[in-house]
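Dear colleague,

I am passing on the structure we spoke about, and below it you will find my notes. Please read them with the structure open beside you.

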Amino acid sequence: MKILSIVGARPQFIKEAMLQFEINKHKDINEIVVHTGQHYDTNMSDIFFEVLQMKKPQYNLGIQASSHANMTGKMIIALEEIMIKENPDYVLLHGDTNSTLAGAIVASKLKIKIAHVESGLRQTPKDIPEEINRVLIDRVSDFLFAPTKIGVENLKKEGRVDQVFFTGDVMYDIYLKMKPKFDYEIYKSLGLRKENYIVMTLHRDFNVDSEEVLKDILIETNKISKEIPVVLPLHPRTKKKISEFGFEDKIKDVIIIEPLDYLELMGLTENSWKIITDSGGYQKEAYFAKKKACVLMEDTGWKELILNGNNVLVNSSNLFVNVMKNKDIDYIDGIYGNGNAASKIVDILKRDFYCKETDDEC
Ligand code: UD1
């Protein structure tokens with residue numbers, strides 16, 4: 001049984017790591033990993049393979065992030081060649097990036113079964129890149145692996161019921177698996193005190209590409225920094241925009257550092273007071289670590305955390321007020337599964353493969 005997995009951006013390395021741990025337990029599965037190259041800085045890519053003990057991808061397309069059409073188009077061309085050559089039984093896709101979309105387009109036209117991990121998330125507005133990608137990817141996928149019950153409901157509303165599985169979230173699996181290895185001491189090297197700092201991440205196009213919006217967020221963040229230290233591991237996209245708009249002086253009090261690897265970021269999170277983020281994955285990782293996240297988004301695919309009051313949606317004008325509010329969270333076990341999402345996914349694919357081979361009623 002052959003699986004071809006496609007990764008390209010930072011959150012996908014984390015999700016793929018968990019699938020690899022699971023796939024490696026099965027001697028009858030041959031997994032080929034393709035890295036599109038969308039993320040390429042060492043601290044955005046290579047370091048994740050290292051700290052998460054992943055195998056080196058068999059293919060690296062070296063297609064660095066550029067405009068959406070440019071990168072997606074190049075990926076489609078390169079992935080078609082590889083999929084024809086490798087002829088996998090399944091293509092495994094993660095999340096909602098341009099790398100995922102490119103993989104979905106190619107596999108569906110080559111009639112290779114697509115397994116979409118993190119299926120069914122939906123959010124408004126409909127025209128953000130990740131939402132466009134999700135809807136298109138789910139539409140052509142054969143196996144829809146939903147991390148949440150809300151994801152399953154979203155798919156149902158779109159008429160998808162067959163081959164929809166509530167598996168739980170592979171990011172929760174890897175959180176549990178790697179927790180003993182987190183770098184719990186990192187806050188000390190940044191001169192911080194336990195439970196007395198905020199970790200912030202910021203990179204989404206709707207927050208950083210507009211000069212006005214970015215300025216307001218940075219001013220508000222600096223105001224927060226005067227009350228409690230804010231550490232901001234800076235995503236390359238945000239770094240470029242801050243320098244392009246000349247906003248360095250707006251965040252003089254914020255502790256700006258290079259992007260962290262998974263073990264460092266999670267270790268820093270575990271000892272923090274609160275989180276500010278616009279990352280899909282990190283708002284949930286905050287919850288795993290029992291920290292409240294102020295989510296700089298109009299809406300989120302992880303609605304359960306908003307509905308149960310653990311995370312709060314904020315914008316540049318109410319960021320300060322919300323961050324300063326209480327930090328209590330009401331942790332509910334099980335909403336992201338039980339740490340066995342990856343194992344369920346692999347089992348479902350194996351069952352499908354062997355049923356097909358033997359033509360049995362499985
Ligand atoms: C992408 C995903 C987003 C995900 C994020 C995680 C899409 C549409 N978006 O957004 O869903 O949350 O990854 O980080 O696929 N850059 C570097 N070095 C790198 C990576 C990026 O300099 O290692 C630069 C790129 O050249 C580009 C900018 O950062 O100028 C944005 O990169 P891109 O991959 O387009 O989007 P992200 O914002 O990272």
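The notes begin with the ligand and its surroundings, and then turn to the nonpolar cores and to two individual residues.

Please keep in mind throughout that this is a predicted model.

The ligand site. The ligand is surrounded by 20 residues, of which Q38, H39, Y40, D41 and E130 come nearest. Sorted by class, this shell is made up of eight nonpolar, seven polar and five charged residues. Three helices, namely helix 3 (68–86), helix 5 (129–140) and helix 11 (236–245), each contribute at least two residues to the shell, and among the contributors helix 11 gives the most, with three residues.

As for polar contacts, an oxygen atom of the ligand lies 2.8 Å from an N or O atom in the side chain of Y40, and an oxygen atom of the ligand is likewise found 3.0 Å from an N or O atom in the side chain of K240. With N98 the partner is a polar backbone atom, which is 2.9 Å from an oxygen atom of the ligand. Taken on its own, the ligand has 740 Å² of accessible area, and the protein covers 90% of it.

The nonpolar cores. The largest nonpolar core has 47 residues, and the members that touch the most others in it are L52, I174, Y262 and L349. If residues up to four places away in sequence are not counted, L52 touches F13, I14, A17, F21, I174, M178 and Y262. Apart from this core lies another one, of 25 residues, which includes L234, W273, I276 and L319.

Two residues to look at. V230 belongs to strand 9 (residues 230–233), and V230 counts as buried because its relative accessibility is 0%, where the cut-off is under 20%. Once its neighbours within four places in sequence are left aside, V230 is in contact with I198, M200, T221, I224, S225, V254 and I255. The C-alpha atom of V230 is also separated by 8.5 Å from that of I256, a residue 26 residues apart from V230 along the chain.

K241, in turn, lies in helix 11, the helix that gives the most to the shell around the ligand. Is K241 buried or exposed? At 18% relative accessibility K241 counts as buried, since the limit is under 20%. With its neighbours within four places in sequence left aside, K241 is in contact with V208, D209 and L214.

With kind regards

Notes: Residues are numbered from 1 along each chain as its sequence is written. This is a predicted model: local features need pLDDT of at least 70, side-chain atom pairs count only at pLDDT 80 or more; totals for chains, interfaces and linings use all residues. Side-chain values use heavy atoms; hydrogens and water are left out. A residue is near a molecule or strand if one of its heavy atoms lies within 4 Å of it. A polar contact is a pair of N or O atoms within 3.5 Å; within protein, one must be able to donate a hydrogen and the other to accept it, and residues adjacent in sequence count only if both atoms are side-chain atoms. Accessible areas come from the Shrake-Rupley method with a 1.4 Å probe; for residues, only the protein chains shown count as cover. Helices (H or I, at least four residues) and strands (E, at least two) are DSSP runs, numbered from the N terminus. Ala, Val, Leu, Ile, Met, Phe, Trp, Tyr, Cys and Pro count as nonpolar, Asp, Glu, Lys and Arg as charged, and the others, Gly among them, as polar. A nonpolar core is a set of buried Ala, Val, Leu, Ile, Met, Phe, Trp, Tyr and Cys residues joined through side-chain atoms within 4.5 Å. Buried means under 20% relative accessible area, exposed over 50%, partly exposed in between (1.4 Å probe, protein chains only). Contact means heavy atoms within 4.5 Å.
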